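Hi,

Here is the structure I promised to pass on. Have a look at it first, and my notes on two helix pairs follow below.

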Amino acid sequence: MIRIALAGNPNCGKTMLFNALTGSNQYVGNWAGVTVEAKEGKLRGEDDVVIADLPGIYSLSPYTPEEVVARNYLVNEEPDVILNIIDGTNLERNLYLTTQLCEIGIPVVMAINMIDIVKKNGDVINPEEISEHFGCVCFEISALKGTGVKRCAKKAVELARTNRGIPPIHHSFDDRVESVIHFISSMLPSGTDMLHKRYYATKIFERDSLVCADFPECVRLSEDLIKDAEKYYDDDSESIIADQRYRYITNCIDECRVRSGKTPLSERIDSVVTDKYLSLPIFAAIMFGVYYISVTVVGGALSDFINDGIFGENGITRIVRYLLVSSGCAEWLIGLITDGIIAGVGSVLSFVPQIFVLFVFLSFLEDCGYMSRIAFIMDRLFRKFGLSGKSFIPILVGTGCGVPGIMCSRTIENESERRMTIITTTFIPCGAKLPVIALISSALFGGAWWVAPGAYFMGIAAIISSGIILKKTKPFLSKPSPFVMELPPYHMPSFKSVARATTDRTYSYIKKAGTIILLASCAVWFLSCFGFYGGKFGMVQNMDNSVLAHFGNGIDAVFRPLGFGTWQASVATLLGLAAKEEIVGVFGVLYNDIGEAFSPLSGFSFLAFNLLCAPCIAAMSAIRREMNSAKWTLFAIGYQCLFAYCVSLCIYQTGLAIQTGSVSVGLMIAVCIFVLFVFMLFKKPANRKSVLLQK
């Protein structure tokens with residue numbers, strides 16, 4: 001079995017190339033940190049060739065968990081060939097990793113990606129010259145358009161079959177550095193793999209902690225020589241190596257590339273969209289438009305047609321009921337199919353158009369390169385509240401689904417910041433919450449323009465305020481992680497890429513409706529139609545006598561101060577922990593008219609609570625995996641529920657006081673919560689020195 005490893009900087013196009021070579025549908029986002037673990041797939045037409053898509057790394061000296069995953073795979077798993085993907089628009093930064101890959105002792109094929117953008121900018125790259133400098137075969141490709149993809153894959157397979165174990169040529173450092181590296185190499189244990197000796201020696205010179213831990217005796221013997229080199233160059237050893245690598249790369253690029261001299265289009269656009277004063281208003285306007293069009297304009301009209309025309313009483317429900325009655329089916333079976341399955345699943349499926357339109361917009365923004373600018377923009381804002389742009393990347397991913405958003409937190413090396421990001425990521429409305437937003441918006445607010453965008457910015461506000469509050473407590477006290485991110489060049493997204501991302505996300509939503517929502521709707525119908533009445537168990541005429549009603553009545557008091565203390569709303573909220581879409585499914589089964597059960601105020605309070613409380617079971621499981629601690633998982637879920645409860649309580653009790661003009665106990669509690677909230681926002685943080693001393 002031949003194994004080819006795709007290695008390169010974050011956001012250089014590895015996953016897109018992986019999809020093109022394997023036919024896979026891995027998630028592609030035009031910003032760093034999308035791939036957080038190695039993924040494997042077979043090369044099309046070659047059953048004996050496995051391709052591994054590794055997380056993006058800038059160097060073989062890792063600082064984050066996903067960088068460790070990539071390096072361990074390259075060094076320990078020893079793939080047959082490394083296919084090094086290089087962003088052609090940023091050769092200097094990308095070739096730094098290439099100089100290290102060439103030292104591992106594994107054949108390397110270089111693929112200069114985004115060559116279409118390079119040519120569009122008027123630049124010229126000579127791949128033959130690059131091949132001579134690095135001793136590797138070099139190709140120009142465009143993973144987006146498929147240009148040159150098959151040629152570089154074919155060459156990688158050919159190298160694996162004919163040149164297994166033959167290392168590429170490596171560049172040389174200054175004589176003094178080379179002499180030290182040669183000495184270190186000679187001091188390595190006799191059993192060390194010959195192919196890796198150059199790599200290990202260089203890393204020991206750099207004082208790479210992971211490598212040094214494996215060769216303590218060699219480190220001890222070479223320490224004096226390394227110190228002498230540092231004294232000679234008046235710099236630390238890692239900087240010495242980095243400086244000499246970049247000097248070599250600069251000389252290489254001067255001979256291999258011709259620049260056009262004109263300012264690229266991306267830089268001209270960025271001068272506006274990343275402007276200090278214009279960036280946030282532009283971002284707010286874009287996201288407002290995305291949610292308004294998705295939920296209210298396009299999606300809303302289509303959803304009303306599907307809900308009323310297809311799944312309504314004059315659509316499929318009427319036809320199916322007629323057929324079942326004509327066939328002499330039992331009354332309970334007719335109710336299960338029409339009032340349970342069709343009403344429950346149909347109410348969820350009716351929001352597919354809104355989900356689809358939202359995902360089209362998000363996929364377009366991701367693929368064109370704007371999403372990475374949002375992370376850059378939000379870094380300025382988040383840094384003031386103790387977070388960084390790295391924390392906003394999981395939030396961006398979480399707009400589609402909270403599970404991959406939580407997983408993206410692996411890119412944050414600061415443990416307290418990573419935990420805080422995991423806790424707050426699911427505050428952002430994901431695709432599963434969109435039907436709830438759309439339902440409340442259309443049923444109680446007549447599709448008002450502000451409800452859907454307001455829900456999105458409510459999530460942003462919850463993240464920011466939680467960041468401020470948590471960062472002032474001792475468990476989360478730390479400096480924000482440094483955030484360095486290369487902004488990819490803008491490009492027109494390909495129809496295939498946007499279509500794939502949109503259909504995959506929409507299919508996942510529909511699949512859930514056909515599995516989890518279907519089973520849950522059947523269970524809700526059964527429990528709402530059967531119960532003990534008159535000393536017997538059977539179908540009840542009134543849902544208030546059902547098993548579900550008795551269960552809901554046992555917990556509705558908890559939600560009464562929030563304005564939706566009915567057993568139906570309580571059951572919907574609890575089942576929303578299985579899947580947020582199920583809230584809509586429960587409403588479809590239990591309510592004929594939501595407007596009769598909710599006022600606009602209580603409906604908005606219900607919406608706020610379900611947007612901010614604990615996410616679905618799948619997301620909670622992801623929190624447990626990433627936290628790797630039952631205690632921290634319980635804290636995360638508890639904080640989310642408590643925060644949601646407090647926000648919902650303040651909304652309802654304040655609104656009720658404004659409507660009625662009366663003062664209640666609930667209002668006094670809400671005022672106390674608000675005062676405490678303001679106090680936590682503006683209080684001084686815990687003493688950082690005392691925390692460090694405790695540690």
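**Two helix crossings**

Helices α22 and α30 are oblique to each other, because their angle of about 45° falls outside the ranges for roughly parallel (under 35 degrees) and roughly perpendicular (65 to 115). Bear in mind that this is a predicted model. In this pair, α22 covers residues 451–471 and α30 covers residues 600–612, and their axes lie 11 Å apart. The crossing of the two is right-handed. On the α22 side, the contact is made by Val-451, Ala-455, Met-458 and Ala-462, while α30 brings in Phe-604, Leu-607, Ala-608, Leu-611 and Leu-612. Sorted by class, that gives nine nonpolar residues, with no polar and no charged ones.

The other pair is α15 (residues 331–349) with α28 (residues 582–590): here the axes come within 7 Å and cross at roughly 140°. So α15 is oblique to α28, as the cut-off for roughly antiparallel is over 145 degrees. This crossing is right-handed too.

Which residues of α15 and α28 make the contact? From α15 they are Asp-339, Gly-340, Ala-343, Gly-344, Ser-347 and Val-348, and from α28 they are Val-584, Gly-585, Gly-588 and Val-589. By class, the contact of α15 with α28 divides into four nonpolar, five polar and one charged. Glycines are counted as polar here, and they include Gly-340 and Gly-344 on α15 as well as Gly-585 and Gly-588 on α28.

Cheers

Notes: Residues are numbered from 1 along each chain as its sequence is written. This is a predicted model: local features need pLDDT of at least 70, side-chain atom pairs count only at pLDDT 80 or more; totals for chains, interfaces and linings use all residues. Side-chain values use heavy atoms; hydrogens and water are left out. Axes are lines fitted to C-alpha atoms, for helices over the stretch in contact, and angles run from 0 to 180 degrees between N-to-C directions. Helices (H or I, at least four residues) and strands (E, at least two) are DSSP runs, numbered from the N terminus. A crossing is left-handed if the near helix is turned anticlockwise from the far one by less than a right angle, and right-handed if clockwise. Contact means heavy atoms within 4.5 Å.
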